[in-house]
Amino acid sequence: LKLGYAGRLEIFEKRLDILLELIEELEKRKINYVLNIAGNGSFRDEIKDFISSRKLENRIILRGLLPRNLMSDFWEEQDIAINVSDNEGRPISNMEAMVYGAVPVVTDTVGIRDDVENGINGYIVQINDYHSMADKIEYLDKHREILPMFGKKAQTDMRKKMNIDDYMKFWLRIIK
């Protein structure tokens, strides 16, 4: 199971400390996963130490800050997009992930429900609830047939929302 996270590697707002708790939970449950992390930030060294101390080099890959033109490739590789933030508007990384068919398993921040329909194109859990997040990941791992269905639904929903003609009409209405 390929999990992806893209964003700042910070505790403040992004809650990467919760991501480490989630990893511990996935390990306890013996879920076969690889977590790809794209980004950089002040919590990077702690994540590296965590990976090293638990010998998770084959499970957690720190990809660093990827150029914008490589993000589509990054998200196309993932089955699941993870977001553990406790404060987000409408996360761009989540929208990008969905456009490329990665199934969101995310926390219930302010703007997340604009794009994620819980149980239809992804899963939403309460903020800081890494146990429920692990439940959803474990469920998707055991029911792999759901991944392409949710991924296609996420992709279709986001592509409709990102239609440039509709977007331009929206802004033209505002300007006039």
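**Exercise 1. Describe the salt bridge between Asp 17 and Arg 15, and classify both residues by burial.**

Solution. The side chains of Asp 17 and Arg 15 pair in a salt bridge, 2.8 Å from N to O. A salt bridge here is a side-chain nitrogen of Lys or Arg within 4 Å of a carboxyl oxygen of Asp or Glu. The structure is a predicted model, in which local features need pLDDT of at least 70, side-chain atom pairs count only at pLDDT 80 or more, and totals for chains, interfaces and linings use all residues. Residues are numbered from 1 along each chain as its sequence is written, and side-chain values use heavy atoms, with hydrogens and water left out.

For burial, the cut-offs on relative accessible area are under 20% for buried, over 50% for exposed, and partly exposed in between (1.4 Å probe, protein chains only). Asp 17, at 22%, is partly exposed. Arg 15, at 17%, is buried.

**Exercise 2. Find how far apart Glu 25 and Lys 28 are in helix α1, and state the N to O distance of their salt bridge.**

Solution. Helices are DSSP runs (H or I, at least four residues) and strands likewise (E, at least two), numbered from the N terminus. Both residues lie in α1 (residues 16-28), three residues apart, so about one helical turn separates them. The closest N and O atoms of the salt bridge are 3.3 Å apart. Glu 25 is buried at 8%, whereas Lys 28 is exposed at 61%.

**Exercise 3. Locate the partners of the Lys 161 and Asp 115 salt bridge.**

Solution. The side chains meet at 3.4 Å, N to O. Lys 161 belongs to helix α6 (residues 146-161) and Asp 115 to the loop between β5 (103-107) and β6 (123-125), so the pair ties together parts 46 residues apart in sequence. Lys 161 is partly exposed at 37%; Asp 115 is buried at 2%.

Shared partners join Glu 25, Lys 28, Arg 29, Asp 135, Glu 138 and Lys 142 into one network of salt bridges. The total count of salt bridges is 19.

**Exercise 4. Classify the lining of the largest cavity.**

Solution. A cavity is a set of points on a 1 Å grid over the protein atoms alone where a 1.4 Å probe fits but cannot get out; lining residues have an atom within 4 Å of a point. One cavity of 30 Å³ or more is counted. The largest has a volume of about 40 Å³, the space filled by probe spheres set on the points, which are joined across faces, edges and corners.

Its lining includes Trp 75, Asn 83 and Val 106. β4 (80-83) and α4 (92-99) each supply at least two lining residues. Ala, Val, Leu, Ile, Met, Phe, Trp, Tyr, Cys and Pro count as nonpolar, Asp, Glu, Lys and Arg as charged, and the others, Gly among them, as polar. The lining has six nonpolar, three polar and no charged residues.

Technical notes. On a 1 Å grid over the protein atoms alone, a cavity is a set of points where a 1.4 Å probe fits but cannot get out, and a pocket is an open set with protein on both sides within 12 Å along at least five of seven lines; lining residues have an atom within 4 Å of a point.
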